[in-house]
Amino acid sequence: MSAPFEVYEARGPVEPTPDTPYDEMFAPDASVRPGYAALGRRVQQIGPEDLHVRAESLSRSYVDQGVTFDLGGVERPFPLDLVPRLIEPDVWAPVERGVAQRVRALEAFLDAVYGEGRLFRDGVMPRHVVLSSPHFHRVVHGLEPVGGVRVHVAGIDLVRDNAGTFRVLEDNVRVPSGVSYVMTNRRAMATALPEVFADHRIRPVARYPRQLLAALRATAPAGVADPTVVVLTPGVYNSAYFEHALLARLMGVELVEGRDLVCRGGRVLMRTTNGLEPVHVIYRRVDDEFLDPVHFRADSLLGVAGIVNAMRVGNVTVANALGNGVADDKLVYTYVPDLIRYYLAEDPVLPNVDTWRMEEPAHREEVLDRLDELVLKPVDGSGGKGIVIGPRASRAELDELRAKVLADPRGWIAQPVVQLSTHPTFIDGALRPRHVDLRPFAVNDGREVWVLPGGLTRVALPEGELIVNSSQGGGSKDTWVLSRSALPGATARLVQEPPTGRLDLRQMEQQQQQSGGAPYGDVVGGAPC
């Protein structure tokens, strides 16, 4: 290794300690891990000057294509790092199994929460954990989803601890976002580093839109031979609008807003130039609170009045199901290993990050004595908001945190500061270690859970930063799951940027669009975004 890796070379061998993060490319003795050997050689051959040119070209291409996210009301290009993350087949296999296992357990859990609730009688979880969750919706209790599927799409946030073990940091089964960047990253990297692609056998990600459409159609109402599927977006002001438009294009379905739909006689209809046409499956990217003004926020301009009643009589499938947010609650997260054992009679393939429940007196007492050592997270937080990293907090911040925990113990969990794994990232003309996480995506059609090979790797670009959210200045990497045999078509064929159009919207509607779709989640060392 030379020039591009001079930062790593200057660092030399690293003594493994509990505080030393696992580097994905370099072993503690400074040798290159076997799976990265070909990548290391190619990067060395390309050299820092050419890498800089390619990185600049990559950034410009994302601006030109409109691959953006919203930060504080400003559209910004989503930073894509030039160096891909590689995952070898033997490493990926347990991740794939573990994600699918987790989705099956959460599916069974949600069915019980909004159904007979046997797990509470069996003592697996206290009933108040669910009833006190802000995302538990009584209005859908007893509502049997068409096809029996509540979690059509899941995004499970993983981190790698200092031993290299993947651990689950967070579950996202409400409205998980970010898969569009998985596909656009792959296309961009195929152009930026074609010679590196030629050196590796990479499992493709192009199958995702087809897999998602097939799952949505499979859970359509009974008796509908050719279901009409739509993607429901909050609108152009939402931070994930690019993703909504891209998925609709790639699936070949209509992208609609709430104003385009109407409920009549327990059915959902879409306004078209040919009049009203029935809609059978809605892949919604609108938060629960905005989806039906009859049952939730009466001032919502984003939803469809009467959609819950149409769901209840079985005339429309809404994916993901209403009320799934209770499974995203970070207090419920602490019980997921027990749910896996209870429902599947299996041990968890992917362990959780060690977590303290602040509502339990013994846990609370220990954590309050160690506030300056731990990470505390609000149970319903997202986007990295509200997270306090004890070792970096001031005395005043810790005192304020102590008061909040004592006032609302149910609202907080604590975790150790997990040193997220690091990965070489091209910054200021050199490859420097930066912390990363991984969000694999899973699609559930009611018969099997399919896991997209790879997922969204998010990278914290500032040195030493542990929060990887885009809203906190993070970027992304293309994630290559390597194959043991050649596979056709490693890149997705994508359309040009989606049209934004011109809409004369009131300020209230703009604000709802910005807040009415799910953000990307949170990740910090011991608390990913």
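**Close-up views of a predicted model**

**View 1. Tyr-114 is a buried aromatic residue that pairs with Phe-136.** Tyr-114 has a relative accessibility of 1% and therefore counts as buried. This value, like the others in these legends, comes from a predicted model. Phe-136 is likewise counted as buried, because its relative accessibility is 11%, and buried means under 20%. The ring centres of Tyr-114 and Phe-136 lie 5.4 Å apart, and the ring planes meet at 15 degrees, so the pair is stacked; planes under 30 degrees apart count as stacked. Tyr-114 sits in the loop between α3 and α4 (118-121), whereas Phe-136 belongs to the loop between α5 (127-131) and β4 (153-160). The two residues are 22 residues apart, and their pair links distant parts of the chain.

**View 2. Tyr-208 and Trp-450 form a tilted pair.** Seven aromatic pairs are found in the structure. In the pair of Tyr-208 and Trp-450, the ring centres are 6.4 Å apart and the planes stand at 40 degrees, so the arrangement is tilted. Tyr-208 lies in helix α8 (residues 208-218) and Trp-450 in strand β20 (residues 449-451). This pair, too, links distant parts of the chain, with the two positions 242 residues apart in the numbering. Both Tyr-208 and Trp-450 are buried.

**View 3. Three aromatic residues form one cluster.** The members of this aromatic cluster are Phe-5, Tyr-8 and Phe-26.

**View 4. Met-125 belongs to the largest nonpolar core.** This core has 75 residues, and those with the most contacts inside it are Phe-109, Met-125, Leu-261, Val-268, Ile-282 and Ile-307. Helix α3 (residues 89-113) gives the most to the core, with eleven residues. A second, separate core has 56 residues, including Phe-5, Val-179, Met-183 and Leu-452. Leaving aside residues up to four places away in sequence, Met-125 touches Phe-109, Leu-119, Phe-120, Val-130, Val-332, Tyr-335 and Leu-339.

**View 5. The second largest cavity has a mostly nonpolar lining.** The structure holds four cavities of 30 Å³ or more. The volume of the second largest is about 60 Å³. Its lining consists of Leu-143, Pro-145, Val-146, Val-149, His-152, Met-311, Val-316, Thr-317, Val-318 and Ala-321. Of these lining residues, eight are nonpolar and two are polar, and no charged residue is present.

Technical notes:
Residues numbered from 1 in each chain as written. Predicted model: local features only at pLDDT ≥ 70, side-chain atom pairs only at ≥ 80, totals over all residues. Heavy atoms only, no water. 1 Å grid on protein atoms, 1.4 Å probe; cavity = no way out; pocket = protein on both sides within 12 Å on 5 of 7 lines; lining within 4 Å. Points joined across faces, edges and corners; volume = space filled by probe spheres on them. Nonpolar A, V, L, I, M, F, W, Y, C, P; charged D, E, K, R; others polar. Core = buried A, V, L, I, M, F, W, Y, C linked by side-chain atoms within 4.5 Å. Buried < 20%, exposed > 50% of the residue type's maximum accessible area, 1.4 Å probe, protein only. Helix = DSSP H or I, 4+ residues; strand = E, 2+ residues; numbered from the N terminus. Contact = heavy atoms within 4.5 Å. Phe/Tyr/Trp six-rings, centres within 6.5 Å; stacked < 30°, edge-to-face > 60°.
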